[in-house]
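The following paragraphs lead the reader through selected strands and helices and the way they pack. Please keep the sequence and the structure in view while reading.

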Amino acid sequence: MQDKAFNLLHEPWIVVLNGEGMTETVSLLTALERAHEFVGLAGELPTQDVTILRLLLAALYGTFVREDIHGNHKTIRTSQEALERWLSLWKLGRFPTGPIQRYLGTYIERFYLFHPKHPFYQVAFPEPPQDTDGKEISFTWKYACELAGDVAESGNVPRLFAGRRDTNKLSFAEAARWLLYTHAFGVAPAGSPGNKRVIKGYGLPWLSQLGIIWATGDNLFETLMFNFVLLDQRDNPWPVGDMYWEAHEELTADTIKDIAFHPPRSPAELYTMQFRRIRLQREERGVTGYELWSGIVPDFRDAFYEPMTVWRKKDNTLPKKHSSEKQMWRDFAAIFSEEDGAELPGVVRWIHTLQSEGGVQLPLIRFHTAGVNYTKNTAIEHVFADSLKINAGLLSELGEAWIPRISNLLKITDKSVRLLDTLASDLAKASGDSDGPGRRAGEAIGRAAKAEAYFKLDMPFRSWLAGIDPSKTDKTEAEQSWRYLVQRVLQEIGEEMVYRAGNKAMVGRWVLRRNMREPEHFSASAALAKFRNGLHKMLKGGLIYERAKHGRSNKEGDAKENHPPIDARP
């Protein structure tokens with residue numbers, strides 16, 4: 001039996017960035033009560049920050065879905081009441097301390113990191129659990145380094161950077177942060193149990209399989225408010241639900257054997273679900289490891305109680321995971337558009353509702369994504385994150401005409417970038433290479449050229465997008481300016497590829513391709529002309545726009561005009 005220790009409501013464990021640009025470690029109550037003073041969360045990893053953000057949101061759901069800002073018991077019943085409750089908090093500019101302290105204080109016993117009966121986000125057995133045949137169910141022992149996501153070592157092989165001196169013991173504050181992280185991003189169980197009776201087969205936890213997205217504001221209060229989604233995808237209030245600390249589940253052997261997913265009724269329930277059944281072990285003032293007993297197998301089909309994911313539509317609607325190799329802006333359509341019948345992320349839809357129904361005027365807003373890449377689901381390969389700043393007006397009725405236009409423009413951009421593949425192949429053939437089984441001539445050069453193109457377009461697009469104000473910006477002019485920039489960047493890359501191909505490619509050669517009767521001549525000049533023509537057809541209007549802007553002649557097809565060089569910086 002463990003003595004009570006380290007209550008998360010009052011002990012400092014959440015890392016925040018203050019107004020002076022310094023980090024502080026504060027308690028859960030302080031993080032909420034002074035949220036308007038803090039810039040944001042500043043933990044070891046962005047994926048850790050989002051797990052703590054969701055815990056703070058669960059506390060807000062438990063408080064302000066049931067009570068108003070004055071502490072009066074008024075459960076939200078209608079969409080209008082939901083908007084009014086949100087607006088009352090927004091106008092206040094901070095979270096009122098009374099209702100929060102009263103609500104969380106009711107469950108103070110459930111917030112001890114160490115507790116004989118209810119350790120926070122953990123399991124505790126008075127006696128070793130036994131299966132129906134009387135055999136004892138066992139746990140898998142994990143060391144402290146396997147709990148910490150910024151170390152996450154497997155044996156002696158470091159999976160991520162090790163930024164701490166002692167990887168064998170975590171402070172209680174560190175252990176609390178990584179405990180939440182493990183429920184969200186912990187690896188799947190691995191290894192042979194030997195003669196032990198252990199529970200397996202539950203795979204990766206919830207957040208690891210999402211296309212996580214959240215919004216941030218100028219301070220932690222605004223960030224929490226932007227993600228405090230009070231209506232579902234049909235604009236109905238969420239059921240109140242029961243947070244983890246409100247439940248009174250009897251812990252038995254059947255509990256840890258049950259790895260099935262029982263759908264929650266609301267984000268509040270989801271945000272506090274235990275996707276790992278574990279127990280921390282401590283020595284003096286540090287955590288040395290934990291017991292892993294079992295977990296839950298997530299079911300993501302039509303899981304619209306999750307507001308913080310991008311979706312994709314198949315037979316069911318499922319989360320669309322982010323790619324670490326793809327910038328966030330390239331998924332603009334998936335995030336901000338309802339193309340192909342997919343749902344908008346709940347947080348994006350909510351911000352649209354706040355502006356169109358609640359009359360909230362928001363300036364620029366930043367959306368964040370994050371994810372974890374795994375090796376065979378049993379080891380963390382690396383963590384990645386990205387963000388994108390947009391004018392919030394794009395998510396209002398005024399901006400509705402812009403979203404499909406930008407989405408289409410990015411499709412054209414992708415098709416234009418893919419022309420570099422064809423150019424690389426044609427240059428490779430001109431130099432003596434040929435297509436082979438399962439490979440295309442110049443394939444590696446084409447991949448490198450496309451990566452360079454997206455790198456050079458990255459900052460310009462972010463700047464271009466942030467500069468769009470739906471109330472002022474001319475759609476046609478903005479679109480043509482982007483087409484021109486894409487054409488100039490890709491043309492420069494193409495010309496550099498031709499230069500690097502050398503004299504042999506300039507001379508070229510005849511190639512008899514499969515299913516062709518006559519050989520075809522490949523040369524650098526022909527490849528470049530074909531590439532320029534393809535760009536012109538794909539991006540028509542870009543160069544015309546630039547000529548008109550600077551009073552130049554309107555001679556189409558002159559791809560070698562003396563335009564000023566593109567600066568790929570914003």
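A crossing of two helices is called left-handed if the near helix is turned anticlockwise from the far one by less than a right angle, and right-handed if clockwise. Helices (H or I, at least four residues) and strands (E, at least two) are DSSP runs, numbered from the N terminus. The model is predicted: local features need pLDDT of at least 70, side-chain atom pairs count only at pLDDT 80 or more, and totals for chains, interfaces and linings use all residues. Residues are numbered from 1 along each chain as its sequence is written, and side-chain values use heavy atoms, with hydrogens and water left out.

Two packed helices are described by the angle between their axes and the distance between the axes. Helix α12 (residues 402-431) packs on helix α13 (residues 443-466) at an angle of about 155 degrees, and their axes are 8 Å apart. The pair is therefore roughly antiparallel (angles over 145 degrees count as such; axes are lines fitted to C-alpha atoms, for helices over the stretch in contact, and angles run from 0 to 180 degrees between N-to-C directions). The crossing of α12 past α13 is right-handed. Among the residues in contact (heavy atoms within 4.5 Å) are I406, L409 and V417 of α12 and A453, L457 and F461 of α13. By class, the residues of this α12 contact with α13 comprise 14 nonpolar, two polar and five charged (Ala, Val, Leu, Ile, Met, Phe, Trp, Tyr, Cys and Pro count as nonpolar, Asp, Glu, Lys and Arg as charged, and the others, Gly among them, as polar).

Helix α13 also lies across strands β15 and β16, running at about 40 degrees to β16. These strands belong to an open sheet of three strands in the order β10-β15-β16, with antiparallel pairing (two strands pair if DSSP finds at least two bridges between them). Because β10 and β16 (379-391) stand at the edges, each with a single partner strand, one side of each is left without a neighbour in the sheet. From one strand to the next, the twist averages 25 degrees.

Strand β10 pairs with strand β15 (residues 364-375) over four bridges in the antiparallel sense. W214 stands opposite H368 in β15, and A215 stands opposite F367 in β15. In a regular strand the side chains alternate between the two faces of the sheet. In β10 (residues 213-216), I213 and A215 on one side and W214 and T216 on the other are all buried (under 20% relative accessible area, 1.4 Å probe, protein chains only), so that both faces are covered. Helix α11 (residues 346-356) lies across β10 and β15, running at about 40 degrees to β10.

Technical notes. Parallel < 35°, antiparallel > 145°, perpendicular 65-115°, else oblique. Buried < 20%, exposed > 50% of the residue type's maximum accessible area, 1.4 Å probe, protein only.
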